[in-house]
Amino acid sequence: MTLFKREKYLKKIRPFYKTDIIKLITGIRRCGKSSMMQMIKEELIDSGIMEKDIIYLDLDKRGNKGIKTAEQLEEKIDSMLVDDNFKYIFIDEIQNVTGFEETINAYNTEENFSIFLTGSNSYLLSGEIATKLTGRYLEFEIFTLDFSEYLAMKKYKKLPVNLDLADEFKEYIVNGGFPKALEFQDAEARHFYTKSVIGEIFEKDIKRNKKIRNKFIFERVQNYVINNFGSTFSVSTLFDYFNNKEKTQISKETIRNYISILENAKIIYKCPRFDCKSKKSLSGEQKYYLADMSIYFLTVTDNRINYGPALENLVFLYLMNNNYSVSVGRIGQFECDFIARKTNDYKYIQVTMTISEKSTEDREYKPFYQVRDNYPKYLLSMDSLLQERDGVKHLNIVNVLSNNIAL
């Protein structure tokens, strides 16, 4: 069966197909990493690479589950080498092998292999990778489906798409973008599948982490961060909340470590604050956004959409997906939702559900008036009637995300 091609990721990886740079494909569990490796394999075969020159190992697959040591991995790979031609090695769920680094490093030094790795344990593949792999590597991060991919995949699978994209967008916000969820047309089945994925993430990528010494307190921190996504808070904020309000004794260092575990599992992403005047990052209060909106809707009892943080979350992921460095901007006494940067190119972005009320419109425009440079300024909302005011580009967020429009 031909896979739905996620072109924006393939485009990033293609230039490195035949290099000896190790390709790490990371991302939250079930976001499509294994499918991405299958897509790359398909492209190689279509380009004329022979099957015998491609070694593909899914270490979760029956027949490969017994490969647990570096020696066993090397023995398996060697058994599949039929000649001295340049080989492409794909290994899925590499974290299943203890000490895999020495085997990967050994093949990489021979410069006759192009190596692709994925692993569900993102802590292993990103948090400590620099000390584990001696060869050069590049990390390609995969996210769950963005809205444009979500629509394209529905069409690819011949699933109905609501003619009113705003309604389709609301459904996407609640259901999230885990690719396999689209295989279930029944809403209850889709909901059940996504909830099981999130449960699997917390069970396998979080609870088994040896740095979590008190699971009850960790879950309290985890729930706080998830419930307050898109809000500004600091380690000190959580320290005061738990110790003074909740009467739960927890140190700042423990809070910091627990938030780091959520980040390394790619459940949340930190969005630091950036001072536009000094052009420096600010320490202290940060914002955190979720890897997928379904994480929120399937872990809390309130399933009403709070459009403010939900829209911010989706714009944050959109910017990350388009290779921007993203920060919350401090401009004088005001804050701008996002400052997106590529090298020395800046974009100022405000996100809101609507500016139908004059007071809301004025509030959203205020930060822009503090900007003293000529970099582009954008206001993204769900309004269908758009305006031009003081050089700010007012865009419909559904249109931007459904068409992946570059800002």
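**Charges, build and one buried threonine**

The predicted model has 60 positive and 57 negative side chains, with the centres of the two sets 3 Å apart.

User: Happy to start there. What makes a side chain count as positive or negative here?

Analyst: Lys and Arg are taken as positive, Asp and Glu as negative, and His is left out. On that basis the protein has 60 positive and 57 negative side chains.

User: Why is the protein called as compact as a globular protein of its length?

Analyst: Its radius of gyration is 23 Å, and the globule rule gives 22 Å for 407 residues; the two values are close, so the description holds. Along the principal axes, the C-alpha atoms fill a box of roughly 70 × 50 × 45 Å. The fold contains 16 helices and 14 strands, and 52% of the residues count as buried.

User: Good. Why is Thr-26 called buried?

Analyst: Buried means under 20% relative accessible area. Thr-26 has 0%, so the word applies. This residue sits in strand E1, which covers residues 22–26.

User: And how do you know that the side chain of Thr-26 makes a polar contact with that of Glu-139?

Analyst: The cut-off for a pair of N or O atoms is 3.5 Å, and one must be able to donate a hydrogen and the other to accept it. The contact between these two side chains is listed at 2.7 Å, within that limit.

User: What share of the contacts with a separation of 6 or more comes from residues 24 or more positions apart?

Analyst: That share is 66%.

Technical notes: Residues are numbered from 1 along each chain as its sequence is written. This is a predicted model: local features need pLDDT of at least 70, side-chain atom pairs count only at pLDDT 80 or more; totals for chains, interfaces and linings use all residues. Side-chain values use heavy atoms; hydrogens and water are left out. Helices (H or I, at least four residues) and strands (E, at least two) are DSSP runs, numbered from the N terminus. Buried means under 20% relative accessible area, exposed over 50%, partly exposed in between (1.4 Å probe, protein chains only). The radius of gyration is taken over C-alpha atoms; the globule rule is 2.2 Å times the number of residues to the power 0.38. Contact means heavy atoms within 4.5 Å. The place of a charge is taken as NZ of Lys, CZ of Arg, CG of Asp or CD of Glu.
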